[in-house]
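Please find below some notes for a colleague who is coming to this structure for the first time. They take up the pockets one after the other, with the helices that line them.

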Amino acid sequence: MDEHDAVGPAEPDREARQWAMICHFAAALGFVFPFGNLIGPLVVWQVKKDQHGFIDEQGKEALNFQLTVAIAGIVCLLLMLVLIGFLLMGLLCIGTVVLTIIGGIKAGEGKHYRYPFCLRLIK
């Protein structure tokens with residue numbers, strides 16, 4: 001079997017890369033309204049997931065990360081009762097913005113990005 005006979009996932013085209021990037025950046029809706037960080041990636045992923053496997057994969061990754069962030073945010077809120085939650089919430093916000101930007105850029109480049117410290121709740 002030569003290299004042309006190998007069957008693998010199709011490389012993402014320009015449109016697939018753009019939509020995958022939008023899946024990550026749609027989390028910025030969380031700055032506009034509550035739970036926008038979850039609703040944005042969810043809507044984009046649900047609408048576009050059947051168009052390309054790369055969009056499906058990156059949409060799930062973005063949504064799983066935002067679910068993880070939401071859970072961590074709840075923990076931080078509870079820990080605010082003992083003050084350490086304020087520091088942790090700040091670190092969580094900074095880390096979320098940085099990792100979301102990295103994820104969007106990597107998806108835009110057509111690279112399969114996986115967030116660190118992410119619960120993979122949606123398979």
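1. This is a predicted model, and the notes should be read with that in mind. A good place to begin is α4, which supplies 7 residues to the lining of the largest pocket, the largest share of that lining. The helix in question spans residues 84-108.

2. The largest pocket itself has a volume of about 560 Å³. Its lining is made up of 22 residues, and those closest to the centre of the pocket are Gly 30, Asn 37, Gln 66, Val 69 and Thr 96.

3. Besides α4, the helices α2 (36-48) and α3 (53-79) also contribute to the largest pocket, each of these three helices giving at least two residues to its lining.

4. As to the character of that lining, 16 of the residues around the largest pocket are nonpolar and 6 are polar, while no charged residue takes part.

5. The second largest pocket holds about 160 Å³ of space. Among the residues that line it are Phe 65, Thr 68, Val 69 and Ala 72, together with Leu 91, Leu 92, Gly 95, Thr 96 and Leu 99, and also Pro 116 and Phe 117.

6. Which helix gives the most to the lining of the second largest pocket? It is α4, with 5 residues, and both α3 and α4 supply at least two residues there.

7. The lining of the second largest pocket divides into 8 nonpolar and 3 polar residues, again with no charged residue. Val 69 and Thr 96 belong to this lining, and these two residues are also listed among those closest to the centre of the largest pocket.

Methods
Residues numbered from 1 in each chain as written. Predicted model: local features only at pLDDT ≥ 70, side-chain atom pairs only at ≥ 80, totals over all residues. Heavy atoms only, no water. 1 Å grid on protein atoms, 1.4 Å probe; cavity = no way out; pocket = protein on both sides within 12 Å on 5 of 7 lines; lining within 4 Å. Points joined across faces, edges and corners; volume = space filled by probe spheres on them. Helix = DSSP H or I, 4+ residues; strand = E, 2+ residues; numbered from the N terminus. Nonpolar A, V, L, I, M, F, W, Y, C, P; charged D, E, K, R; others polar.
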